[in-house]
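Hi,

Here is the structure I said I would pass on. Have a look at it first, and my notes on what turned up follow underneath.

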Amino acid sequence: MEKAILVNLATTVQEKNEAEESLNELEGLAQAAGARTVKKVVQVRPRISPRSFIGSGKVLEVHNLAQSLKADLIIFDHNLSPRQQRNLEDSLPCKIIDRTQLILDIFAQRAHSNEGKMQVELAQLTYLLPRLAGRGKAMSQLGGGIGTRGPGETKLEQDRRRIQDRMTKTKKEIREIERRRAGQRRNRKESPLPTVSLVGYTSAGKSTLFNALSRENVFTSPQLFATLDPVLRRVSYPDGIYFLLSDTVGFIRKLPVELVTSFRATLEEVRESDCICHVVDLSAPAVDGHIEAVEKILEEIGASGIPLVRVYNKIDLLPHKDDLLAFNDRPGAERIYLSAKTGEGVAALKDRFRGLLFKDRQLFYLRLPRGDRSVLEALARRALILKTQENEDHLDVRVIATPDALKDFSPYLQGGMEA
(Lines give C-alpha, C1' and ligand atoms only; values in the text may rest on other atoms or scores of the structure.)
Protein backbone atom coordinates (compact mmCIF):
# COMPACT_ATOMS: atom_id res chain seq x y z
CA MET A 1 0.00 0.00 0.00
CA GLU A 2 1.13 3.53 -0.71
CA LYS A 3 1.97 5.61 2.35
CA ALA A 4 -0.03 8.83 2.56
CA ILE A 5 0.12 12.07 4.52
CA LEU A 6 -3.28 13.78 4.91
CA VAL A 7 -3.49 17.58 5.12
CA ASN A 8 -6.35 19.94 6.00
CA LEU A 9 -6.76 23.55 7.04
CA ALA A 10 -9.09 25.21 9.56
CA THR A 11 -9.65 28.96 9.37
CA THR A 12 -10.68 29.16 13.04
CA VAL A 13 -9.86 27.25 16.20
CA GLN A 14 -13.52 26.24 16.38
CA GLU A 15 -13.25 24.62 12.93
CA LYS A 16 -10.26 22.49 13.98
CA ASN A 17 -12.42 19.67 15.35
CA GLU A 18 -14.43 19.62 12.14
CA ALA A 19 -11.21 19.53 10.10
CA GLU A 20 -9.86 16.63 12.15
CA GLU A 21 -13.16 14.78 11.74
CA SER A 22 -13.02 15.37 7.99
CA LEU A 23 -9.47 13.97 7.95
CA ASN A 24 -10.74 10.80 9.64
CA GLU A 25 -13.19 10.42 6.78
CA LEU A 26 -10.39 11.16 4.31
CA GLU A 27 -8.37 8.37 5.93
CA GLY A 28 -11.23 5.98 5.14
CA LEU A 29 -11.25 7.21 1.55
CA ALA A 30 -7.49 6.76 1.28
CA GLN A 31 -7.77 3.23 2.62
CA ALA A 32 -10.52 2.45 0.12
CA ALA A 33 -8.20 3.65 -2.65
CA GLY A 34 -5.35 1.46 -1.41
CA ALA A 35 -3.27 3.86 0.69
CA ARG A 36 -2.17 3.69 4.32
CA THR A 37 -2.18 6.92 6.31
CA VAL A 38 1.11 7.59 8.09
CA LYS A 39 0.42 11.15 9.29
CA LYS A 40 -2.42 13.69 9.57
CA VAL A 41 -1.67 17.40 9.50
CA VAL A 42 -4.09 20.20 10.38
CA GLN A 43 -3.10 23.85 10.12
CA VAL A 44 -5.12 26.62 11.78
CA ARG A 45 -4.78 29.71 9.58
CA PRO A 46 -7.04 32.76 9.09
CA ARG A 47 -7.46 32.05 5.39
CA ILE A 48 -6.49 29.56 2.70
CA SER A 49 -3.33 30.44 0.82
CA PRO A 50 -4.20 31.07 -2.85
CA ARG A 51 -0.66 29.98 -3.72
CA SER A 52 -0.30 26.69 -1.83
CA PHE A 53 -3.51 26.12 0.21
CA ILE A 54 -1.46 25.89 3.46
CA GLY A 55 1.15 28.44 4.54
CA SER A 56 4.75 28.30 3.31
CA GLY A 57 6.02 27.23 6.74
CA LYS A 58 3.57 24.35 6.83
CA VAL A 59 4.61 23.35 3.30
CA LEU A 60 8.18 23.02 4.57
CA GLU A 61 6.99 20.98 7.56
CA VAL A 62 5.04 18.62 5.28
CA HIS A 63 8.07 18.37 2.99
CA ASN A 64 10.24 17.21 5.90
CA LEU A 65 7.55 14.78 7.10
CA ALA A 66 7.24 13.27 3.63
CA GLN A 67 10.98 12.67 3.49
CA SER A 68 11.32 11.26 7.00
CA LEU A 69 8.24 9.01 6.69
CA LYS A 70 9.09 8.01 3.10
CA ALA A 71 5.58 9.00 2.02
CA ASP A 72 4.43 8.13 -1.51
CA LEU A 73 1.71 10.76 -1.74
CA ILE A 74 0.19 13.75 0.06
CA ILE A 75 -3.60 14.09 0.01
CA PHE A 76 -5.21 17.47 0.63
CA ASP A 77 -8.73 17.40 2.07
CA HIS A 78 -9.81 20.16 -0.26
CA ASN A 79 -10.28 20.80 -3.96
CA LEU A 80 -6.94 22.33 -4.99
CA SER A 81 -6.82 24.96 -7.72
CA PRO A 82 -4.51 24.31 -10.69
CA ARG A 83 -2.13 26.97 -9.33
CA GLN A 84 -2.08 25.45 -5.84
CA GLN A 85 -1.43 21.98 -7.20
CA ARG A 86 1.38 23.17 -9.47
CA ASN A 87 3.10 25.05 -6.65
CA LEU A 88 2.74 22.15 -4.24
CA GLU A 89 4.17 19.75 -6.81
CA ASP A 90 7.17 22.06 -7.16
CA SER A 91 7.66 22.28 -3.37
CA LEU A 92 6.95 18.76 -2.12
CA PRO A 93 8.92 15.58 -2.83
CA CYS A 94 6.09 13.20 -3.76
CA LYS A 95 2.78 12.92 -5.60
CA ILE A 96 0.09 15.49 -4.69
CA ILE A 97 -3.63 14.79 -5.01
CA ASP A 98 -6.73 16.45 -3.59
CA ARG A 99 -9.97 15.07 -2.18
CA THR A 100 -11.73 15.15 -5.56
CA GLN A 101 -8.94 13.19 -7.29
CA LEU A 102 -9.06 10.61 -4.50
CA ILE A 103 -12.83 10.13 -4.77
CA LEU A 104 -12.62 9.92 -8.56
CA ASP A 105 -9.93 7.25 -8.22
CA ILE A 106 -12.14 5.19 -5.91
CA PHE A 107 -15.08 5.53 -8.28
CA ALA A 108 -12.86 4.38 -11.15
CA GLN A 109 -11.96 1.26 -9.14
CA ARG A 110 -15.56 0.52 -8.17
CA ALA A 111 -17.27 1.03 -11.56
CA HIS A 112 -18.11 -2.28 -13.24
CA SER A 113 -20.84 -1.52 -15.79
CA ASN A 114 -20.05 0.25 -19.05
CA GLU A 115 -22.29 3.09 -17.97
CA GLY A 116 -20.52 3.51 -14.64
CA LYS A 117 -17.11 3.43 -16.29
CA MET A 118 -18.11 6.08 -18.82
CA GLN A 119 -19.59 8.34 -16.15
CA VAL A 120 -16.43 8.11 -14.05
CA GLU A 121 -14.23 8.71 -17.09
CA LEU A 122 -16.21 11.82 -18.00
CA ALA A 123 -15.90 13.11 -14.43
CA GLN A 124 -12.14 12.50 -14.50
CA LEU A 125 -11.72 14.26 -17.84
CA THR A 126 -13.89 17.18 -16.71
CA TYR A 127 -11.67 17.52 -13.63
CA LEU A 128 -8.42 17.15 -15.58
CA LEU A 129 -9.04 19.54 -18.48
CA PRO A 130 -8.70 22.87 -16.63
CA ARG A 131 -5.73 21.49 -14.67
CA LEU A 132 -3.49 20.47 -17.57
CA ALA A 133 -1.24 23.46 -16.95
CA GLY A 134 -0.65 22.23 -13.42
CA ARG A 135 0.18 18.63 -14.26
CA GLY A 136 3.94 19.09 -14.32
CA LYS A 137 6.53 20.39 -16.72
CA ALA A 138 6.41 17.35 -19.01
CA MET A 139 2.96 18.28 -20.31
CA SER A 140 3.96 21.77 -21.42
CA GLN A 141 7.04 20.93 -23.50
CA LEU A 142 7.01 21.85 -27.18
CA GLY A 143 5.86 19.05 -29.47
CA GLY A 144 6.50 20.35 -33.05
CA GLY A 145 7.51 18.31 -36.07
CA ILE A 146 6.04 15.28 -37.83
CA GLY A 147 2.74 14.01 -36.48
CA THR A 148 1.64 17.24 -34.82
CA ARG A 149 -1.39 19.27 -35.91
CA GLY A 150 0.52 22.52 -36.20
CA PRO A 151 4.07 23.78 -36.07
CA GLY A 152 5.13 24.53 -32.53
CA GLU A 153 1.96 23.14 -30.98
CA THR A 154 2.68 22.29 -27.36
CA LYS A 155 2.14 18.88 -25.84
CA LEU A 156 -0.25 20.60 -23.47
CA GLU A 157 -2.46 21.67 -26.37
CA GLN A 158 -2.30 18.19 -27.87
CA ASP A 159 -3.40 16.72 -24.55
CA ARG A 160 -6.19 19.25 -24.31
CA ARG A 161 -7.48 18.43 -27.79
CA ARG A 162 -7.29 14.69 -27.12
CA ILE A 163 -9.20 15.09 -23.86
CA GLN A 164 -11.86 17.29 -25.48
CA ASP A 165 -12.32 14.74 -28.29
CA ARG A 166 -12.67 11.94 -25.76
CA MET A 167 -15.10 13.99 -23.66
CA THR A 168 -17.24 14.68 -26.73
CA LYS A 169 -17.37 10.96 -27.56
CA THR A 170 -18.10 9.95 -23.95
CA LYS A 171 -20.84 12.58 -23.56
CA LYS A 172 -22.51 11.28 -26.72
CA GLU A 173 -22.46 7.71 -25.41
CA ILE A 174 -23.82 8.83 -22.02
CA ARG A 175 -26.61 10.81 -23.72
CA GLU A 176 -27.65 7.60 -25.46
CA ILE A 177 -27.76 5.83 -22.10
CA GLU A 178 -29.72 8.74 -20.60
CA ARG A 179 -32.29 8.51 -23.39
CA ARG A 180 -32.66 4.79 -22.84
CA ARG A 181 -32.92 5.22 -19.07
CA ALA A 182 -35.44 8.04 -19.49
CA GLY A 183 -37.59 5.72 -21.60
CA GLN A 184 -37.36 3.01 -18.97
CA ARG A 185 -38.29 5.50 -16.24
CA ARG A 186 -41.28 6.73 -18.27
CA ASN A 187 -42.47 3.16 -18.64
CA ARG A 188 -42.06 2.59 -14.90
CA LYS A 189 -43.79 5.89 -14.11
CA GLU A 190 -46.74 4.93 -16.27
CA SER A 191 -46.70 1.48 -14.69
CA PRO A 192 -48.60 0.88 -11.43
CA LEU A 193 -45.44 -0.68 -9.93
CA PRO A 194 -44.02 1.66 -7.25
CA THR A 195 -40.29 2.17 -6.67
CA VAL A 196 -38.32 2.91 -3.48
CA SER A 197 -34.78 4.32 -3.70
CA LEU A 198 -32.24 3.67 -0.95
CA VAL A 199 -29.97 6.65 -0.40
CA GLY A 200 -27.53 7.51 2.33
CA TYR A 201 -24.05 8.51 3.28
CA THR A 202 -21.45 6.11 2.01
CA SER A 203 -20.97 3.06 4.28
CA ALA A 204 -24.31 3.67 6.07
CA GLY A 205 -25.40 0.07 5.38
CA LYS A 206 -27.60 0.55 2.30
CA SER A 207 -26.50 -2.64 0.55
CA THR A 208 -26.96 -4.71 3.72
CA LEU A 209 -30.49 -3.31 4.08
CA PHE A 210 -31.07 -3.90 0.36
CA ASN A 211 -30.19 -7.58 0.86
CA ALA A 212 -32.38 -7.85 3.97
CA LEU A 213 -35.41 -6.41 2.14
CA SER A 214 -34.98 -8.12 -1.23
CA ARG A 215 -33.30 -11.34 0.00
CA GLU A 216 -30.64 -10.84 -2.64
CA ASN A 217 -26.89 -11.19 -2.18
CA VAL A 218 -25.52 -7.84 -3.33
CA PHE A 219 -21.86 -7.24 -2.46
CA THR A 220 -21.42 -5.44 0.85
CA SER A 221 -18.27 -4.03 2.39
CA PRO A 222 -17.31 -1.63 5.18
CA GLN A 223 -15.23 0.26 2.61
CA LEU A 224 -16.49 3.57 1.29
CA PHE A 225 -18.30 3.49 -2.08
CA ALA A 226 -18.57 -0.33 -2.13
CA THR A 227 -21.68 0.13 -4.31
CA LEU A 228 -21.35 2.31 -7.38
CA ASP A 229 -23.54 0.86 -10.11
CA PRO A 230 -27.27 1.03 -9.21
CA VAL A 231 -29.11 -2.26 -8.58
CA LEU A 232 -32.87 -2.81 -8.91
CA ARG A 233 -34.72 -5.74 -7.28
CA ARG A 234 -38.25 -6.79 -6.33
CA VAL A 235 -39.43 -6.77 -2.69
CA SER A 236 -42.49 -9.00 -2.13
CA TYR A 237 -45.10 -9.47 0.59
CA PRO A 238 -46.71 -12.84 1.50
CA ASP A 239 -49.95 -11.95 -0.31
CA GLY A 240 -48.13 -11.26 -3.60
CA ILE A 241 -47.95 -7.46 -3.43
CA TYR A 242 -44.51 -6.15 -4.37
CA PHE A 243 -42.51 -3.04 -5.23
CA LEU A 244 -39.12 -2.28 -6.80
CA LEU A 245 -36.16 -1.35 -4.59
CA SER A 246 -33.16 0.55 -5.95
CA ASP A 247 -29.74 0.61 -4.27
CA THR A 248 -27.71 3.68 -5.24
CA VAL A 249 -24.22 5.09 -4.85
CA GLY A 250 -23.38 6.47 -1.42
CA PHE A 251 -23.26 10.23 -0.94
CA ILE A 252 -20.52 12.09 0.86
CA ARG A 253 -19.69 15.62 2.01
CA LYS A 254 -17.79 17.65 -0.57
CA LEU A 255 -19.00 15.30 -3.31
CA PRO A 256 -17.15 16.43 -6.44
CA VAL A 257 -19.37 18.49 -8.71
CA GLU A 258 -17.92 16.55 -11.65
CA LEU A 259 -19.44 13.36 -10.23
CA VAL A 260 -22.84 14.93 -9.58
CA THR A 261 -22.90 16.15 -13.19
CA SER A 262 -21.63 12.90 -14.73
CA PHE A 263 -23.93 10.70 -12.63
CA ARG A 264 -27.01 12.77 -13.43
CA ALA A 265 -28.69 9.81 -15.18
CA THR A 266 -28.17 7.62 -12.11
CA LEU A 267 -29.41 10.31 -9.73
CA GLU A 268 -32.51 10.73 -11.93
CA GLU A 269 -33.53 7.28 -10.72
CA VAL A 270 -33.81 8.72 -7.21
CA ARG A 271 -35.81 11.73 -8.38
CA GLU A 272 -38.34 9.53 -10.18
CA SER A 273 -38.98 7.15 -7.28
CA ASP A 274 -42.23 7.01 -5.31
CA CYS A 275 -40.48 6.95 -1.94
CA ILE A 276 -36.95 7.63 -0.70
CA CYS A 277 -35.44 5.61 2.13
CA HIS A 278 -32.59 7.60 3.70
CA VAL A 279 -30.35 5.11 5.51
CA VAL A 280 -28.44 6.73 8.39
CA ASP A 281 -25.57 5.15 10.32
CA LEU A 282 -26.54 6.23 13.82
CA SER A 283 -23.19 4.96 15.15
CA ALA A 284 -21.26 7.48 13.04
CA PRO A 285 -19.66 10.28 15.10
CA ALA A 286 -20.83 12.94 12.61
CA VAL A 287 -24.33 11.56 12.08
CA ASP A 288 -25.98 15.01 11.87
CA GLY A 289 -23.47 16.17 9.27
CA HIS A 290 -24.11 13.02 7.23
CA ILE A 291 -27.88 13.58 7.30
CA GLU A 292 -27.43 17.19 6.23
CA ALA A 293 -25.04 16.26 3.38
CA VAL A 294 -27.37 13.62 1.92
CA GLU A 295 -30.57 15.63 2.15
CA LYS A 296 -28.83 18.68 0.68
CA ILE A 297 -27.93 16.61 -2.40
CA LEU A 298 -31.52 15.33 -2.59
CA GLU A 299 -32.67 18.94 -2.62
CA GLU A 300 -30.12 19.86 -5.31
CA ILE A 301 -31.30 17.11 -7.66
CA GLY A 302 -34.97 18.05 -7.18
CA ALA A 303 -35.97 15.08 -5.00
CA SER A 304 -36.88 16.93 -1.81
CA GLY A 305 -40.63 16.72 -2.49
CA ILE A 306 -40.74 12.90 -2.57
CA PRO A 307 -42.01 11.09 0.56
CA LEU A 308 -38.95 10.25 2.68
CA VAL A 309 -38.45 7.70 5.45
CA ARG A 310 -35.30 8.23 7.50
CA VAL A 311 -33.96 4.87 8.68
CA TYR A 312 -31.52 4.92 11.58
CA ASN A 313 -29.45 1.80 10.96
CA LYS A 314 -26.96 -0.16 13.11
CA ILE A 315 -28.92 -0.05 16.38
CA ASP A 316 -27.03 -3.26 17.25
CA LEU A 317 -23.93 -1.10 17.77
CA LEU A 318 -25.56 1.04 20.47
CA PRO A 319 -24.56 -0.03 24.00
CA HIS A 320 -27.97 0.98 25.37
CA LYS A 321 -31.32 1.15 23.58
CA ASP A 322 -32.11 4.27 25.62
CA ASP A 323 -29.56 6.04 23.43
CA LEU A 324 -32.19 6.04 20.67
CA LEU A 325 -34.09 8.74 22.53
CA ALA A 326 -31.42 11.23 21.48
CA PHE A 327 -32.45 10.78 17.85
CA ASN A 328 -36.14 11.52 18.44
CA ASP A 329 -35.40 15.25 18.52
CA ARG A 330 -34.20 15.28 14.88
CA PRO A 331 -36.61 17.39 12.85
CA GLY A 332 -38.16 16.48 9.54
CA ALA A 333 -38.76 13.04 8.12
CA GLU A 334 -40.49 10.08 9.65
CA ARG A 335 -37.97 7.76 11.32
CA ILE A 336 -37.56 4.02 11.84
CA TYR A 337 -34.83 2.32 13.88
CA LEU A 338 -33.38 -1.00 12.77
CA SER A 339 -30.34 -3.18 12.27
CA ALA A 340 -29.96 -4.35 8.69
CA LYS A 341 -27.30 -6.77 9.93
CA THR A 342 -29.41 -8.58 12.55
CA GLY A 343 -32.79 -7.97 10.90
CA GLU A 344 -34.31 -6.19 13.90
CA GLY A 345 -36.83 -3.60 12.69
CA VAL A 346 -36.68 -4.61 9.00
CA ALA A 347 -40.23 -6.04 9.05
CA ALA A 348 -41.53 -2.75 10.48
CA LEU A 349 -39.85 -0.88 7.63
CA LYS A 350 -41.48 -3.17 5.04
CA ASP A 351 -44.84 -2.54 6.68
CA ARG A 352 -44.23 1.21 6.51
CA PHE A 353 -43.37 1.02 2.82
CA ARG A 354 -46.59 -0.87 2.19
CA GLY A 355 -48.59 1.80 3.98
CA LEU A 356 -46.95 4.58 1.98
CA LEU A 357 -46.91 2.95 -1.46
CA PHE A 358 -50.30 1.25 -1.45
CA LYS A 359 -52.40 3.42 0.86
CA ASP A 360 -54.83 4.44 -1.92
CA ARG A 361 -55.01 1.00 -3.54
CA GLN A 362 -57.35 -1.90 -2.95
CA LEU A 363 -57.62 -5.54 -4.02
CA PHE A 364 -59.90 -6.41 -6.95
CA TYR A 365 -60.84 -9.60 -8.77
CA LEU A 366 -61.54 -9.55 -12.50
CA ARG A 367 -62.64 -12.17 -15.02
CA LEU A 368 -61.25 -11.50 -18.49
CA PRO A 369 -61.94 -13.20 -21.84
CA ARG A 370 -59.19 -15.74 -22.35
CA GLY A 371 -58.65 -15.20 -26.06
CA ASP A 372 -58.16 -11.41 -25.93
CA ARG A 373 -54.68 -10.63 -24.58
CA SER A 374 -55.11 -6.91 -25.25
CA VAL A 375 -57.46 -6.58 -22.27
CA LEU A 376 -54.87 -8.14 -19.94
CA GLU A 377 -52.15 -5.88 -21.36
CA ALA A 378 -54.33 -2.80 -20.83
CA LEU A 379 -55.05 -3.94 -17.27
CA ALA A 380 -51.33 -4.34 -16.55
CA ARG A 381 -50.85 -0.65 -17.36
CA ARG A 382 -53.48 0.34 -14.77
CA ALA A 383 -53.07 -2.18 -11.95
CA LEU A 384 -50.44 -4.29 -10.26
CA ILE A 385 -51.26 -7.88 -11.25
CA LEU A 386 -50.76 -10.23 -8.32
CA LYS A 387 -52.09 -13.53 -9.69
CA THR A 388 -53.62 -14.96 -12.86
CA GLN A 389 -55.42 -18.26 -13.29
CA GLU A 390 -56.39 -19.66 -16.68
CA ASN A 391 -59.68 -21.48 -17.13
CA GLU A 392 -61.33 -22.98 -20.22
CA ASP A 393 -63.03 -19.83 -21.44
CA HIS A 394 -61.77 -17.04 -19.16
CA LEU A 395 -58.87 -15.71 -17.13
CA ASP A 396 -59.25 -14.93 -13.41
CA VAL A 397 -57.02 -12.08 -12.29
CA ARG A 398 -56.28 -10.64 -8.86
CA VAL A 399 -54.90 -7.08 -8.85
CA ILE A 400 -54.25 -4.16 -6.55
CA ALA A 401 -55.19 -0.73 -7.88
CA THR A 402 -56.98 2.52 -7.14
CA PRO A 403 -60.73 2.40 -7.90
CA ASP A 404 -60.31 5.19 -10.48
CA ALA A 405 -57.74 3.16 -12.40
CA LEU A 406 -60.29 0.38 -13.03
CA LYS A 407 -63.24 2.51 -14.20
CA ASP A 408 -62.90 1.16 -17.74
CA PHE A 409 -62.80 -2.43 -16.49
CA SER A 410 -66.11 -2.46 -14.57
CA PRO A 411 -67.66 -5.16 -16.87
CA TYR A 412 -64.94 -7.56 -15.77
CA LEU A 413 -65.08 -6.93 -12.01
CA GLN A 414 -66.11 -9.89 -9.89
CA GLY A 415 -67.74 -9.14 -6.58
CA GLY A 416 -66.31 -5.61 -6.35
CA MET A 417 -63.33 -5.36 -4.09
CA GLU A 418 -61.84 -7.37 -1.29
CA ALA A 419 -61.31 -5.63 2.04
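**Confidence first**

Residues 136–153 have a pLDDT under 50 throughout, and the model gives them 23 contacts beyond four places in sequence. Another stretch, residues 219–228, also has a pLDDT below 50, with 42 contacts in the model beyond near neighbours in sequence. This is a predicted model, by the way, so please read those two stretches with that in mind.

For the protein as a whole, the average pLDDT is 82, and 81% of the residues score at least 70. Going by elements, strand E14 (residues 413–418) has the lowest confidence, at a mean of 62. Helix H2 (residues 56–68) has the highest, at 96.

**The overall picture**

The protein has twelve helices and 14 strands. It has 419 residues, of which 48% count as buried. If you take the contacts with a separation of 6 or more, 68% are between residues 24 or more positions apart.

**The four-stranded sheet and what sits by it**

One open sheet has four strands in the order E2-E1-E3-E4, and the pairing is parallel. Strand E2 (35–44) and strand E4 (95–98) are the edge strands; each has a single partner strand, so one side of each has no neighbour in the sheet. From one strand to the next, the twist averages 25 degrees.

Strand E1 (residues 2–10) and E2 run parallel and are joined by nine bridges. Within that pairing, Ala10 is opposite Val44 in E2.

Lys58 is one to click on. It is part of helix H2, and H2 is also where confidence is highest. Is Lys58 buried or exposed? With a relative accessible area of 16%, Lys58 is buried, given that the cut-off for buried is under 20%. Setting aside neighbours within four places in sequence, Lys58 has contacts with Val41, Val42 and Gln43. Val7 is 51 residues away from Lys58 along the chain, and the two C-alpha atoms are 9.9 Å apart.

Further along, Lys70 is in the loop between H2 and strand E3 (73–76). Lys70 is not a glycine, yet its phi is positive, at about 55 degrees. Unlike the lysine in the helix, which is buried, Lys70 is exposed, with a relative accessible area of 60%.

**Strands E8, E9 and E10**

E9 is the strand to start from here. Five of the six residues in strand E9 (residues 308–313) are buried, so the rest of the structure largely encloses this strand. How is E9 joined to strand E8 (residues 275–281)? Six bridges link the two strands, which run parallel. Cys277 is opposite Val309 in E9. To get from E8 to E9, the chain passes through helix H10 (residues 287–300), and this β-α-β crossover is right-handed.

E9 is also joined to strand E10 (residues 334–337), by four bridges, and these two run parallel as well. There, Arg310 has Arg335 in E10 as its bridge partner.

The loop between E9 and E10 contains Lys314. Lys314 has a positive phi, near 70 degrees, in a residue other than glycine. If you are checking backbone torsions, look at Lys314 together with Lys70, whose phi is also positive.

**Two more places to look**

Helix H5 (residues 114–128) is made of 15 residues. From its first C-alpha to its last, H5 reaches 21 Å, close to the 21 Å expected at 1.5 Å a residue. Its buried residues are Glu115, Gly116, Met118, Gln119, Val120, Leu122, Ala123, Leu125 and Tyr127.

The other place is Ser246, in strand E7 (residues 242–247). Ser246 is buried, with a relative accessible area of 5%. Which residues are in contact with Ser246, leaving aside its neighbours within four places in sequence? They are Val196, Ser197, Leu198, Phe210, Val231 and Leu232.

That is what I have for now.

Cheers

Conventions:
Residues numbered from 1 in each chain as written. Predicted model: local features only at pLDDT ≥ 70, side-chain atom pairs only at ≥ 80, totals over all residues. Heavy atoms only, no water. pLDDT = per-residue confidence, 0-100. Contact = heavy atoms within 4.5 Å. Expected span 1.5 Å × (residues − 1). Buried < 20%, exposed > 50% of the residue type's maximum accessible area, 1.4 Å probe, protein only. Pairing = 2+ DSSP bridges. Right-handed = clockwise from strand over helix to strand, strands pointing away. Axes fitted to C-alpha atoms, helices over the stretch in contact; angles between N-to-C directions.
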